[in-house]
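This report looks at a metal site, two pockets and one buried side-chain contact, and asks which parts of the chain come together at each of them.

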Amino acid sequence: MTFIIRQVTLQEIALPLREPFRISSGTVQERRILLVRLEDVDGMVAWGECVAGEAPNYSPETVDTCRHAIRAWLAPLLMGDPIADPALVTPRFDAAVRGHRMAKAALEMPVWALAAERLHESLATRIGGARARIDVGISLGIQASPEVLATKVAAARAAGYNRVKVKIAPGADLQFVAAARAAIGTKIPLSVDANAAYRLEDADHLAQLDSYGLAMIEQPLEPEDLRRHAELQQRLATPICLDESITSPARAEDALAMGSARIVNIKPGRVGGFSAARAIHDVCADQGVPVWCGGMLESGIGRAYNVALASLPNFSLPGDLSPSARYWERDIVQPEWTMDGDGTVEVPRNRPGIGVTVDVDRVDDLTVAREEVQA
Ligand code: OSB
Ligand code: MG
């Protein structure tokens, strides 16, 4: 099933979060989201979403670097030439462009959606998904005080979430985790995410977290630093989960070989798309390392890709796949993403493509910049 992409359109929207999201490396209030619209020569359309943020504080890529990479180098590689298989897009990109994985993912993932749509299949089915429902975890930003955090954790527990993750940073860790631990009870796993805010010299300090029985500590040290993560893991009982560090299948192999992590967070939008995400999934499955799907405060479009990916077999831990209403007053897809009382999200396996309809009028209303890329 070969198809040809005729048009790539970039549409940047501004979407205000219901409440600011604070992590160790910065705060987001209004998401700038770069959306991608692909149209093939038969007039079939697929929407994708770039996960890059406004500032380079999670990864070196940003909305603006992605726009440039897509416009100048990547979209021209996608347009015009027949695509026999979406799995061939990543090799085509990687042969010509190093890095820029978020930009690559923003194009590669909707190619899978387009292929699924053409076959009248769901995206999840197309990429080999196995599960019908995914356990949902919530990621709570750094709060003003441990008391405020405790209130949020209690609300998350009442809402039915299957895991609560709390952002930490030096100065906002032990007391916050103690408050979260007291509020969550014993049934739901609790984890923390440092977004690289610590150094190996903090190992004794971080070891104090061991007494809270955390499911994992996510990305304690610098993204590049696999060896120090391995040293830190030796000194912690709490499993380390890597997020920012895992940029490719080879990096995942290295991290596991070195003992830098016991759990891996896979965000398809971070690693270059579904081809790389599936390869990382397979590397981890071979090593018996569980994975889960992280989030980047995506709109309902990006969430569709994450939900599809999380239906692969080794995604055995709850993903950061909160429902639309946790982030937005109103999402840009119909139906919005929801969570059932048992804390799961349904994989839309009976609907073709991404499984939700993009509210194009609303996208147009929210648009701050739009350009058609020249082939
Ligand atoms: O580290 O997982 C992260 C959001 C932005 C950037 C980095 C991260 C996050 C989250 C949010 O934790 C997860 C979500 O989308 O709900
Ligand atoms: Mg993280």
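The domain bounds used below come from an automatic or database domain assignment. With those bounds, the lining of the second largest pocket draws at least three residues from each of domain 1 (5–120 + 356–374) and domain 2 (126–346). The model is a predicted one, and the values that follow are computed from it.

**Pockets**

The two pockets are set side by side here, with the residues that lie closest to the centre of each.

| Pocket | Volume | Lining residues | Closest to the centre | Classes in the lining |
|---|---|---|---|---|
| Largest | about 550 Å³ | 35 residues | Phe21, Ile23, Val28, Met296 and Leu297 | 11 nonpolar, 12 polar and 12 charged |
| Second largest | about 360 Å³ | 16 residues | Ser59, Pro60, Glu61, Arg101 and Thr247 | 4 nonpolar, 6 polar and 6 charged |

Where does the largest pocket lie with respect to domain 1 and domain 2? Both domain 1 and domain 2 give residues to its lining, so the largest pocket lies between them. Among the secondary-structure elements, β1 (5–23), β2 (26–40), β4 (133–140), β5 (163–167) and α13 (324–327) each supply at least two residues of that lining, and β2 gives the most, with 7 residues.

**Arg163**

Strand β5, one of the contributors to the lining of the largest pocket, also holds Arg163. Arg163 is buried, with a relative accessible area of 2%, and its side chain makes a polar contact with the side chain of Asp320 at 3.0 Å.

**Magnesium site**

Which residues act as protein donors of the magnesium ion (ligand 2)? They are Asp193 through OD, Glu218 through OE and Asp243 through OD, lying 2.1 to 2.3 Å from the ion. Along the sequence, these donor residues follow the spacing D-x24-E-x24-D. Glu218 lies in strand β7 (residues 217–218), whereas Asp243 lies in the loop between β8 (240–242) and α9 (249–258), so this pair ties together parts that are 25 residues apart in sequence.

Are Glu218 and Asp243 buried or exposed? Because a residue counts as buried when its relative accessible area is under 20%, Glu218 is buried at 0%, and Asp243 is likewise buried at 0%.

Terms used:
Residues are numbered from 1 along each chain as its sequence is written. Chains are lettered from A and ligands numbered from 1 in the order in which they are written. This is a predicted model: local features need pLDDT of at least 70, side-chain atom pairs count only at pLDDT 80 or more; totals for chains, interfaces and linings use all residues. Side-chain values use heavy atoms; hydrogens and water are left out. Donors are N, O and S atoms within 2.8 Å of the metal (3.2 Å for Na, K and Ca); water is not among the atoms, so sites may look incomplete. Helices (H or I, at least four residues) and strands (E, at least two) are DSSP runs, numbered from the N terminus. Buried means under 20% relative accessible area, exposed over 50%, partly exposed in between (1.4 Å probe, protein chains only). On a 1 Å grid over the protein atoms alone, a cavity is a set of points where a 1.4 Å probe fits but cannot get out, and a pocket is an open set with protein on both sides within 12 Å along at least five of seven lines; lining residues have an atom within 4 Å of a point. Grid points are joined across faces, edges and corners, and a volume is the space filled by probe spheres set on the points. Ala, Val, Leu, Ile, Met, Phe, Trp, Tyr, Cys and Pro count as nonpolar, Asp, Glu, Lys and Arg as charged, and the others, Gly among them, as polar. A polar contact is a pair of N or O atoms within 3.5 Å; within protein, one must be able to donate a hydrogen and the other to accept it, and residues adjacent in sequence count only if both atoms are side-chain atoms.
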